[in-house]
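Work through the following exercises with the sequence and the structure beside you, and try each task before reading its solution.

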Amino acid sequence: MRKGKFITVEGCEGVGKSTQIALLKEMFAGSGDVLFLREPGGTAISERIRSVILDIQNKGMSAVCEVLLYSAARAQLVEEVIKPALAEGKTVFCDRFTDSTFAYQGCARGLGAEAVERLNEIACAGLEPDLTIFFDLDPVAAFLRKGGADGEDRLEQEGMDFHRRVYAGYKLAAERYARRIVCVPAGGDIADVHERVVKALKERGVI
Ligand SMILES: Nc1ncnc2c1ncn2[C@@H]1O[C@H](COP(=O)(O)OP(=O)(O)O)[C@@H](O)[C@H]1O
Ligand SMILES: [Mg+2]
């Protein structure tokens, strides 16, 4: 039985997800009924799958293998951690979830929206986020944030094409799941973005 709220945080690499989640953690510090997770991972099994996904030796991993590993890690996280926490009335925040699979594997890697939606359904077994915060920022600007001083030299053309496809995938998800996804502009100061997040959480009755 579901009682707690489930909020996912999405957006391209470097858009500020971890930064904003750290601020939310501070905001909720001391209230024991809020759980922060990040994908892939969050259970012993999911963490082992994570290390396979991220292992730089696995360069030859196919797109299908990748999406199935992400889905496997998610299935375990949903079953073992998220559903029980929500049943206890906890609020659960997750850094990346199904929309990452939609944008990265479905759109950027070209597996297609329908296949990924089906996999997401299987992995989530009826669970859907109550709210998804999509940090909306041009992927080049976001990538530069992460790249820091090294700047443009590190942006190989192919790399940026990929990030642009991811961004397009997120925009498509935002249209397709408009009821659940709130687009939060991620430009400007960290404090300003945080205020926008708090506003979205208030509007959706999370706080
Ligand atoms: N609003 C912001 N303005 C400028 N820099 C930011 C902002 N938010 C985050 N950053 C910086 O951008 C980089 C990437 O942020 P991060 O939170 O790690 O992104 P993500 O988790 O989405 O990949 C970090 O160095 C962070 O300090
Ligand atoms: Mg991060």
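**Exercise 1.** Is Glu88 buried or exposed, judging by the other C-beta atoms within 10 Å?

*Solution.* Begin by noting that the model is a predicted one, and then locate the residue, which sits in the loop between helix 3 and strand 3 (91-95). Next, count its surroundings: Glu88 has 11 other C-beta atoms within 10 Å and is therefore exposed, since a residue with 12 or fewer falls in that class. Finally, compare positions along the chain and in space: Glu88 and Lys146 are 58 residues apart in the chain, and their C-alpha atoms are separated by 37 Å.

**Exercise 2.** Determine how helix 2 is oriented relative to helix 3, and describe the residues at their contact.

*Solution.* Two packed helices are described by the angle between their axes and the distance between the axes. Here the axes of helix 2 (residues 44-54) and helix 3 (residues 63-87) come within 8 Å and cross at roughly 160°. Because angles over 145 degrees count as roughly antiparallel, helix 2 is roughly antiparallel to helix 3. The handedness of this crossing is left-handed. Helix 2 contributes Ile45, Ser46, Ile49, Arg50, Val52 and Ile53 to the contact, while helix 3 contributes residues including Glu66, Leu69 and Tyr70. Sorted by class, the residues of the contact of helix 2 with helix 3 are nine nonpolar, two polar and two charged.

**Exercise 3.** Carry out the same kind of analysis for helix 1 and helix 8.

*Solution.* The axes of helix 1 (residues 17-28) and helix 8 (residues 190-203) come within 10 Å and cross at roughly 65°. This angle makes helix 1 roughly perpendicular to helix 8, and the crossing is right-handed. At the contact, Thr19, Gln20 and Leu23 of helix 1 meet Ile190, Val193, His194 and Val197 of helix 8. In the contact of helix 1 with helix 8 there are four nonpolar, three polar and no charged residues.

**Exercise 4.** How many of the residues of helix 4 are buried, and which residues have the most contacts inside the largest nonpolar core?

*Solution.* Eleven of the eleven residues of helix 4 (residues 98-108) are buried, so this helix is largely enclosed by the rest of the structure. Among these buried residues are Phe102, Ala103 and Tyr104. Turning to the core, the largest nonpolar one has 45 residues, and those with the most contacts inside it are Ala103, Ile133 and Val166. Helix 3 gives the most to this core, with seven residues. If neighbours within four places in sequence are left aside, Ala103 is in contact with Ala108, Val166, Gly169, Tyr170 and Ala173.

**Exercise 5.** Find where the backbone has a cis peptide bond, and which residues other than glycine have a positive phi, taking Arg96 and Ala125 as your examples.

*Solution.* Most residues other than glycine have a negative phi, and most peptide bonds are trans. A cis peptide bond joins Glu39 and Pro40, with omega about -10°, and Pro40 lies in the loop between strand 2 (34-38) and helix 2. Arg96, which is not a glycine, has a positive phi of about 75°, and is found in the loop between strand 3 and helix 4. With 21 C-beta neighbours inside 10 Å, Arg96 counts as buried. Ala125 has a positive phi near 45° and belongs to the loop between helix 5 and strand 4 (131-136). Ala125 counts as exposed, with 10 C-beta neighbours inside 10 Å.

Technical notes. Residues are numbered from 1 along each chain as its sequence is written. Chains are lettered from A and ligands numbered from 1 in the order in which they are written. This is a predicted model: local features need pLDDT of at least 70, side-chain atom pairs count only at pLDDT 80 or more; totals for chains, interfaces and linings use all residues. Axes are lines fitted to C-alpha atoms, for helices over the stretch in contact, and angles run from 0 to 180 degrees between N-to-C directions. Helices (H or I, at least four residues) and strands (E, at least two) are DSSP runs, numbered from the N terminus. Angles under 35 degrees count as roughly parallel, over 145 as roughly antiparallel, 65 to 115 as roughly perpendicular and the rest as oblique. A crossing is left-handed if the near helix is turned anticlockwise from the far one by less than a right angle, and right-handed if clockwise. Two residues are in contact if their C-beta atoms, placed from the backbone, lie within 7 Å. Ala, Val, Leu, Ile, Met, Phe, Trp, Tyr, Cys and Pro count as nonpolar, Asp, Glu, Lys and Arg as charged, and the others, Gly among them, as polar. A nonpolar core is a set of buried Ala, Val, Leu, Ile, Met, Phe, Trp, Tyr and Cys residues joined through C-beta atoms within 7 Å. A residue is buried if 20 or more other C-beta atoms lie within 10 Å of its own, exposed if 12 or fewer, and partly exposed in between; C-beta atoms are placed from the backbone.
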